[in-house]
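Student: Please give me a close look at the inside of this protein chain, and connect it to the rest of the chain as you go. I would like each term explained when it comes up.

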Amino acid sequence: MGERSKSSKGWCGWFLVLVVAAVVAVAIVLFIRKKSDNSDKAAPVPGPPGAIEEKYSDALKLAMQFFDVQKSGELVDNKISWRGNSALQDGSEAKLDLSKGMYDAGDHIKFGFPMAFTATVLSWAILEYGDQMDAVDQLEPAKDSLKWITDYLINAHPSENVLYIQVGDPKADHKCWERPEDMEEKRPLTQVNTSAPGTEVAAETAAAMASASLVFKTSDSSYSDTLLKHAKQLFNFADKYRGSYSVSIPEVQTFYNSTGYEDELLWAASWLYHATGDHSYLKYTVQNGKAFANWGSPTWFSWDNKLAGTQVLLSRVNLFGAKGVSNSDNSGLQMYRKTAEAVMCGLLPKSPTATTSRTDSGLIWVSEWNALQHPVASAFLAVLYSDYMLSSRTAKLSCDGDSYKPSDLRKFAISQVNYVLGENPMQTSYLVGYGDKYPKYVHHRGASIPADATTNCTEGFTWFNSKNPNPNVAVGALVGGPFLNESFVDSRNNHMQGEPTTYNGAVIVGLLSGLVTTSSVVQSFT
């Protein structure tokens, strides 16, 4: 018994030694891995577009089609079987052709403010991810949709200090439920000018023109020059005659009320700097930054607030080190970058400064109206900033002492788009046409009425009140989305959750284009 006990004790001793050695080895591995994760070594810069992520490719091809669903005017090469020509006389009372452009949502008004934002974001997506769009044959459709809007915006700006910012009467339009092809109501025009200024809408239109001028610079230099001329004139008009269109034209407050115009001035100047290389525009953003930019305070990117977008766009200049930037201007750019990083830190779910504006499943949630605008727009900015970091060899982002990599921002963006595409408690896709389950009662006049039906203003309410699903699929529409408790009611009468918007289409196209594959972003748009 004594010998057996001695042998047993020896075996236990060796076992303890092995256990301790294993624990030490694991600790060393974890330490090395953590040190590697927190190292200052930047991740490799991606090369040309790589492998295609099929689910994002499929979703992008659908989302791009929603622009075709929303087109007004004489449709060329129409891809949507249930759509036809509409609003051909728009602008005739002012002897202008305003037939093109896009309807903003499920109704038939052309609201210039959100339409211009749609064009700016779509241009930005093309400029950053055109090669990735091209890899899945979506670059030309994107440019075609962009030009459909900019053709309209050019015609809506007949003289230096006049901009037509709306076609149609929203109150009269909302009393009707009919296909756009059957509209017979009057389509009055609304304009901003020197006596009724609209700085935010004029500046946003300048941003749209300037960014689009870069898109068409190589393929159509004459058209690009025209866009840039209008952009410069509109920015001068917006800046010289400062005033909110919500004050000049109180009627707009009901639908697209502006909370201020300072962000649009910075946004437009930023795009004009990129389009022209003229440092006076960059100086404008720096000199007005303290008063206008809300430095150090993160905001949400939307059709109404462009600050977060401006901060990310100007971070691009700081990260890639543009030529000829003075030390004083670079200090201002650094403030934009710091604020952009504060925005990113707020989005990262494990960051010490992470926003609490989320659902239990992790979706960014800010507003019950059109809830998906903010998470999708935020995810688009996160992908952009992630790619700026990769392409500029910037290894880390610091959030109150904690470090995060570009891959962390991309992971956040993926979580948001996957939620939209069906990984959510409702197990439904909020992108119409994607997956097996998606909204069938979308709040959209054209989609809800059979293509062969002929209705007047009120007869279409028969289909509005129908309990049957929409006869036409508003393919690629991103609907409003879930409530904070993550519920969603698929009802045609539920326009809070079930109405799609064209500007939502722009941000989801931008996001999906950034995720469909990987590639480096260009250091300069010119």
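Tutor: A residue is called buried when its relative accessible area is under 20%, exposed when that area is over 50%, and partly exposed in between, using a 1.4 Å probe and protein chains only. By that rule, 58% of the 526 residues of the chain are buried. The model is predicted, so local features need pLDDT of at least 70 and side-chain atom pairs count only at pLDDT 80 or more, while totals for chains, interfaces and linings use all residues. Residues are numbered from 1 along each chain as its sequence is written, and side-chain values use heavy atoms, with hydrogens and water left out.

First, the overall frame. The chain has 20 helices and 5 strands; these are DSSP runs numbered from the N terminus, with helices (H or I) of at least four residues and strands (E) of at least two. For 526 residues, a compact globule would have a radius of gyration near 24 Å, and the 26 Å of this chain agrees with that. That radius is taken over C-alpha atoms, and the globule rule is 2.2 Å times the number of residues to the power 0.38.

Now the inside. A nonpolar core is a set of buried Ala, Val, Leu, Ile, Met, Phe, Trp, Tyr and Cys residues joined through side-chain atoms within 4.5 Å. The largest one here has 153 residues, and W124, W271, M344 and L511 have the most contacts inside it. Helix 3, residues 112-135, gives the most to this core, with 13 residues.

Contact, or touching, means heavy atoms within 4.5 Å. Leaving out residues up to four places away in sequence, W124 touches a list that includes W267, W271, F301, L384 and F525. Across the chain, 76% of the contacts between residues at least 6 apart in sequence join residues at least 24 apart.

Helix 11 (residues 279-287) shows how burial looks within one helix: Y281, L282, Y284, T285 and V286 are buried there. The cover over the buried residues of helix 11 includes helix 7 (221-240), helix 10 (262-276), helix 12 (289-292), helix 13 (307-320) and helix 14 (327-347).

Asparagine side chains can be found inside as well. N504 sits in helix 20, residues 502-515, and it is buried because its relative accessible area is 0%. Beyond residues up to four places away in sequence, N504 touches N370, Q373, L478 and V479.

One of those partners, N370, lies in the loop between helix 14 and helix 15 (373-391). N370 counts as buried because its relative accessibility is 10%. Its backbone is worth a look too: N370 is not a glycine, yet it has a positive phi of about 50°. Most residues other than glycine have a negative phi.

D400 makes a useful contrast. D400 also has a positive phi of about 50° without being a glycine, and it is found in the loop between strand 4 (397-399) and strand 5 (402-404). However, D400 is exposed, because its relative accessible area is 63%.

The middle class has an example in P158, in the loop between helix 4 (139-155) and strand 2 (163-167). P158 is partly exposed because its relative accessibility is 44%. Setting aside residues up to four places away in sequence, P158 touches L96 and Y164.
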